[in-house]
Structure formats: structure tokens, C-alpha cells
Amino acid sequence: MIDTYRHKGLRKQLVDIIAEKGISNSRILKAIEKIPRHLFITDTAFHKYAYEDKPFPIGSGQTISQPFTVGFQTQLLNISEGDKVLEIGTGSGYQTAVLLEMGAKVYSIERQKALYERTKEFLPSIGYTSAKLFYGDGYLGLPTYAPFDKVIVTAGAPFIPKDLLSQLKIGGVLVIPVGEGKEQIMQRITKIGSNEYETEEFGVFRFVPLLKEKGKD
Ligand code: SAH
């Protein structure tokens, strides 16, 4: 598990690419420049591509999101230091690491046991010890730890889960790609009253689907 000067150089180039595509928040760019993305990709055959702006397989039929998409969702969340953030879809833990680098307190749910177990070991092994990781169904959120300042869903949701809305603080935001097919519309929903929401849309993205039943793996 090594991070070389070559990897660091490639990360600088990746930061330039996503900055050009519209990621302007310097704290996000700094996080992406710092995090050794290649280590999040278990299949070493993909390591040489780890700093291309692309998603890659991470096992269990899932993918690590494209860095631009990670940056885009994080930018929409508008993270302040100390924000309590719920992430649905831990996957490789890369998005979790970006949120941690920005000073958020992260609670993250993964519904595939194999991925949950791997990431629970992996994140602390590279120094990310503070994330609270859960094996469970993201549609239900984490009522015990609610309310949250921010919620981010990193898989394509067929609809907006009502539990995620109810677990937001007033003034809080949910960033979620919504759509039933292969493509989703990125939405940002701001909770402006106890049962009042404002929705903004931010274009088309492609995510793996948010799965309904908890996996048996
Ligand atoms: N944030 C991840 C992206 C992983 S892809 C990363 O940076 O690597 C989306 C993830 O959502 C997958 O790991 C998938 O298993 C998980 N997922 C799918 N349905 C889910 C659900 N209902 N609850 C929690 N996680 C879910």
C-alpha cells in the first residue's frame, strides 16, 4: 500500500481536470489532491487508471464514483467544518474520506456486507479513523443519530426516501441522484420548514442503483 511521487503528480493533474469541469471549492480540490484514490480500488489492474476522471469497479457489482461526481455532490452539500453528514452508499469509502478531509462528522451506511467489512478495515488503515460506518438499509437512514446537517446519496434512487428528509435538520440539505433507469437527475433538496422543502436540479448523472432489500452477501 504505497503512495508515490508519481501518484501525487497524477493527482495534481486530476485536480486540474475536475477544476476545469467546474469544481471550484478549494477545500474539495485539496482533499482530492491529498487522498490516495488508487488505494481505494481493490483490483490492482485498475491502479494505473486510478487518476483518470472515471468510475471503477470495487467488487460486489459496485463502483467508486467518478472524481468529478464526488466533487460535484460535495460542492452541492456546501460542507462547513463540524457538519454532521449522513452518507448512503459507503462503497470504497472514497467519498467518506473527502467529507472527513473537509472536517465533517461522517455517518455512512452500506447495504452490501462484503463492502461494509472491507471499508471498515481499510479507512482506519490509511488514517481515517473517525467515520462511523454502518451495515444497513440506506432507505431508512439512521434515526438514532438524526438529525443531520447534510445527507448525501451516492447511488441512483428511484424516488426520494421520506426517512432521509425527516432526518434532516431545518436548513439542512439532501443531495441525491433521482431516476429509475440508467440515468438520474441530481437534486438538491433544502429543508426550509418541518415539512417544507425546496428542490433544485443539476443535470444528468449515471449511478449504480440504490438497492431496495438488504443484500444476503
Ligand atoms: N460513495 C461510494 C460510491 C459507491 S457506489 C464511493 O465513494 O466509493 C454506491 C454504493 O451504494 C454501493 O457500494 C452500493 O452497495 C451501495 N448501496 C446500494 N443500495 C444501498 C442501500 N439501500 N443502502 C445503503 N447502501 C446502498
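## Ser 125 and helix 5

Ser 125 belongs to helix 5, which covers residues 113–125. In this predicted model, Ser 125 has a relative accessibility of 51% and therefore counts as exposed, since the cut-off for that word is over 50%. Its side chain still has a partner: the side chain of Ser 125 reaches the backbone oxygen of Phe 122 at 2.6 Å.

For a sense of scale, you can look from Ser 125 to Phe 159. These two residues are 34 residues apart along the chain, and their C-alpha atoms are separated by 35 Å.

## The ligand and its surroundings

Let us turn to the ligand, which sits in the largest pocket. The ligand is surrounded by 27 residues, and the closest are Ser 92, Glu 110, Arg 111, Gly 138 and Leu 211. Sorted by class, this shell holds eleven nonpolar, twelve polar and four charged residues. At least two shell residues each come from strand 2 (62–64), strand 3 (84–88), helix 4 (94–101) and strand 4 (105–110). Strand 2 gives the most, with three residues.

Some polar contacts are worth finding on the screen. A nitrogen atom of the ligand has a backbone N or O atom of Leu 211 at 2.7 Å. A polar side-chain atom of Asp 137 is 3.3 Å from a nitrogen atom of the ligand, and a polar backbone atom of Gln 95 is 3.2 Å from an oxygen atom of the ligand. As for cover, the ligand on its own has 590 Å² of accessible area, and the protein covers 100% of that area.

## Helix 3 and what follows

Helix 3 spans residues 67–77, and ten of its eleven residues are buried, so this helix is largely enclosed by the rest of the structure. Among the buried residues are Pro 67, Phe 68, Val 70, Phe 72, Leu 76 and Leu 77, along with Thr 69, Gly 71, Gln 73 and Thr 74.

Right after this helix comes Asn 78, in the loop between helix 3 and strand 3. Is Asn 78 buried or exposed? Asn 78 is exposed, because its relative accessible area is 53%, over the 50% cut-off.

## Gln 184, a buried side chain

Gln 184 is part of strand 8, which runs over residues 184–193. With a relative accessibility of 2%, Gln 184 counts as buried, because buried means under 20%. Which backbone atoms lie by its side chain? The side chain of Gln 184 reaches the backbone oxygen of Gly 181 at 3.5 Å. A polar atom of that same side chain lies 2.8 Å from the backbone nitrogen of Phe 207.

## Backbone details to look for

Most residues other than glycine have a negative phi, and most peptide bonds are trans. Here are some places that depart from this pattern.

Asn 78 is not a glycine, yet its phi is positive, about 55°. Ser 60 is not a glycine either, and has a positive phi of about 50°. You will find Ser 60 in the loop between strand 1 (56–59) and strand 2. Ser 60 is partly exposed, because its relative accessible area is 35%, in between the cut-offs of 20% and 50%.

The peptide bond from Ala 146 to Pro 147 is cis, and its omega is near 5°. Pro 147 is located in the loop between strand 5 (132–135) and strand 6 (148–153).

Conventions. Residues are numbered from 1 along each chain as its sequence is written. This is a predicted model: local features need pLDDT of at least 70, side-chain atom pairs count only at pLDDT 80 or more; totals for chains, interfaces and linings use all residues. Side-chain values use heavy atoms; hydrogens and water are left out. A residue is near a molecule or strand if one of its heavy atoms lies within 4 Å of it. A polar contact is a pair of N or O atoms within 3.5 Å; within protein, one must be able to donate a hydrogen and the other to accept it, and residues adjacent in sequence count only if both atoms are side-chain atoms. Accessible areas come from the Shrake-Rupley method with a 1.4 Å probe; for residues, only the protein chains shown count as cover. On a 1 Å grid over the protein atoms alone, a cavity is a set of points where a 1.4 Å probe fits but cannot get out, and a pocket is an open set with protein on both sides within 12 Å along at least five of seven lines; lining residues have an atom within 4 Å of a point. A molecule sits in a cavity or pocket if more than half of its atoms lie within 2 Å of its grid points. Helices (H or I, at least four residues) and strands (E, at least two) are DSSP runs, numbered from the N terminus. Ala, Val, Leu, Ile, Met, Phe, Trp, Tyr, Cys and Pro count as nonpolar, Asp, Glu, Lys and Arg as charged, and the others, Gly among them, as polar. Buried means under 20% relative accessible area, exposed over 50%, partly exposed in between (1.4 Å probe, protein chains only).
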